[in-house]
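Student: I would like to learn how to read a structure like this one. Could we take it feature by feature?

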Amino acid sequence: MKNKPLRESHIMPSSHITIIGAGIIGISTAAFLQRAGHKVTVIDRVPPGEGCSFGNAGGLAFAEVTPTIRPRILLKIPGWLLDPLGPLTIRWSYLPKALPWFLAAGRNALPDRVRKITAARAALGLRVVSDFETLLTAAGSIDLMVKKDSLRLYDTHAQYQAEESERAVKREHGYEMKKLSPGEIAEIEPDIARDFACGAFHGGWYYVRNPQKVVASIAENVVRNGGEIIQDDVLKVAQDGSRATALTLKSGGERPLDRLVICAGAYSNFFASAFGDKVLLEAERGYHLVIPAPGITLGRSLTYVATPMAMTPMDMGLRLAGTDEFAGLDAPPNWKRADVLWPFAKRCLPKLREIDQTVSRWMGRRPGTPDGLPVIGPSRKLRNVWYGFGHSHMGLTWGPTTGRLLGEMLSGAPSNTDLSAFRVDRF
Ligand SMILES: Cc1cc2nc3c(=O)[nH]c(=O)nc-3n(C[C@H](O)[C@H](O)[C@H](O)COP(=O)(O)OP(=O)(O)OC[C@H]3O[C@@H](n4cnc5c(N)ncnc54)[C@H](O)[C@@H]3O)c2cc1C
């Protein structure tokens, strides 16, 4: 029998670990590795939580077990793509580059794949709340996490009925929803329009009041506990045989490596492809619009069936966040895609005030894989490198859990989660 290559987690229970990327994934990974007794250094060109983790909708969406791309959604995509301000768009000059990704995404919408992806998503969702609580309690910022049932709004009963199969899958995984009448909606959220046909009330939902602060507060705790966070751009990783040996930094320095974890979000393929690991990763660019003092009162996160976006009451105002744009990493933002969220929110919340110079707009690059699942696990090429990236629409939700799983993996601790769906060699 052929011997398995010896990974360094089997021989080094505690060590120095460098993490590239200080988003929710990299910082959660650093925190869990530190809890397991390792020394950690995190390197990012921007401060913690200033990448894609800055501006998301703040939803801990662990109940969203069905994949983002699924048969019912697949049918809507051609229509969406024709509208440059629609929920999903591609800049046509970018299509040849993104085509392999789209073809793979299409294959992942086949029923057998959907079942497997659903099982993997459900497994990652199981300990989201306790992993968040572990990190935020230790950081002294548990108040950033709000436990509040969420609400989805429907213009017609037919729209509600069309989602029954997805609700059935959620129920199978233990997530309950209740249908609300317009009167019941008005009772819990008086500022919502009175003419919706019905709502779906998701119990046991959480959101965070400020996603950037979540990351920053965990990062501060990592530093308090002796971890190092360096602001710099990693230009290159030197390799010697099957090991990564040193990082070259933009500031001019070189840093030797013991073990390395790549949590560089949408930029992670820069490293994975240099190491020889083939990954399909696209920047799924999303937008937000934050309306300070929005003129309405809202106690929970809302979604509206007409478009994939969320409305979340945050510390800085009402955040409208969503849409998906394929244009590569570096194309300039199209701010109309942020403003297009406003009319949908106004439909739901008629007293919402107009857009003026006080609103803020943001674009973030979701690290998107064609199955919507992250890569969590070892490089197939370098024996002292691990990956934690590709969390697509669910990175905030799955961040702390990914950190715990990588913490277990790099410490040689057994995991009770089946990690086969997250392997880097699946593409
Ligand atoms: C509009 C929108 C709404 C969303 N809503 C939700 C939601 O409600 N719930 C949810 O769970 N998820 C949501 N997401 C997704 C979530 O925000 C992402 O999946 C998550 O932030 C990804 O985290 P990350 O740590 O992988 O990436 P990032 O936060 O982008 O962190 C990666 C870091 O790596 C750094 N980096 C990259 N390359 C280098 C290099 N060479 N040298 C140094 N540093 C480097 C970058 O600067 C960056 O800071 C949303 C996303 C968007 C855009």
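Tutor: We will go through the ligand shell, the helix contacts and a few single residues. Keep in mind that this is a predicted model.

Student: Which residues come nearest to the ligand?

Tutor: Begin with the residues around the ligand, then look for the elements they belong to. The shell holds 42 residues, and those that come nearest are Gly 23, Gly 51, Gly 265, Gly 286 and Gly 395. Two or more residues each are supplied by helix 1 (24-35), strand 2 (39-44), strand 15 (282-291), strand 18 (317-326), strand 19 (360-368) and helix 13 (395-410).

Student: How do the residues of the shell around the ligand divide into nonpolar, polar and charged?

Tutor: The shell has 20 nonpolar residues, 17 polar ones and 5 charged ones. Glycine goes into the polar class here.

Student: Where does Gly 395 lie, and what does it touch?

Tutor: Place the residue in its element, then list its partners from elsewhere in the sequence. Gly 395 is part of helix 13. Leaving out residues up to four places away in sequence, Gly 395 touches Ile 24, Ile 25, Cys 52, Ser 53 and Pro 367. Its C-alpha is also 9.2 Å from that of Asn 56, although 339 residues separate the two in sequence.

Student: Why does Gly 395 count as buried or exposed?

Tutor: The call rests on a count of C-beta neighbours, and 20 or more within 10 Å makes a residue buried. Gly 395 has 26 of them inside 10 Å, so it counts as buried.

Student: How many residues of helix 13 are buried?

Tutor: The count is 15 of 16, so helix 13 is mostly covered. Helix 13 also has a kink of about 30°, and the centre of that kink is Thr 401. After helix 13 comes Gly 412, with a positive phi near 70°.

Student: At what angle do helix 1 and helix 13 pack?

Tutor: For a helix pair, read the angle, the distance between axes and the handedness together. Helix 1 and helix 13 pack at about 35°, and their axes are 7 Å apart. The crossing is right-handed. On the helix 1 side the contact includes Ile 24, Ile 25, Ser 28 and Phe 32, and on the helix 13 side it includes Gly 395, Leu 396, Gly 399 and Gly 403. By class, this contact has 9 nonpolar, 7 polar and 2 charged residues.

Student: Is the crossing of helix 5 and helix 9 left-handed or right-handed?

Tutor: The crossing of helix 5 and helix 9 is left-handed. Helix 5 spans residues 128-139 and helix 9 spans residues 211-224; they pack at about 65°, with axes 8 Å apart. Leu 135, Ala 138 and Ala 139 of helix 5 make the contact with Ser 217, Ile 218, Glu 220 and Asn 221 of helix 9. These residues divide into 4 nonpolar, 2 polar and 1 charged.

Student: How far apart are Ala 138 and Asn 221?

Tutor: Their C-alpha atoms are 7.4 Å apart in space, with the two positions 83 residues apart in sequence. Ala 138 counts as partly exposed because it has 18 C-beta neighbours inside 10 Å.

Student: What does Pro 211 touch?

Tutor: Pro 211 belongs to helix 9. Not counting residues up to four places away in sequence, it touches Ser 53, Phe 54, Asn 56, Gly 58 and Leu 396. Pro 211 is buried because 29 C-beta neighbours lie inside 10 Å. By contrast with those contacts, the C-alpha atoms of Pro 211 and Pro 190 are separated by 26 Å, at 21 residues apart along the chain.

Student: Which residue has a positive phi although it is not a glycine?

Tutor: Check the phi value, then the place and the burial. Ala 293 is one such residue, with a phi of about 40°. It sits in the loop between strand 15 and strand 16 (302-304). Ala 293 counts as exposed, because it has 9 C-beta neighbours inside 10 Å.

Student: What is the phi of Ser 392?

Tutor: The phi of Ser 392 is near 50°, again positive in a residue other than glycine. Ser 392 is in the loop between strand 21 (385-389) and helix 13. With 23 other C-beta atoms within 10 Å, Ser 392 is buried.

Terms used
Residues numbered from 1 in each chain as written. Predicted model: local features only at pLDDT ≥ 70, side-chain atom pairs only at ≥ 80, totals over all residues. Near = placed C-beta within 6 Å. Helix = DSSP H or I, 4+ residues; strand = E, 2+ residues; numbered from the N terminus. Bend = angle between axes of the 7 residues up to and from the residue. Buried ≥ 20, exposed ≤ 12 C-beta atoms within 10 Å, placed from the backbone. Axes fitted to C-alpha atoms, helices over the stretch in contact; angles between N-to-C directions. Left-handed = near helix turned anticlockwise from the far one by under 90°. Contact = placed C-beta atoms within 7 Å.
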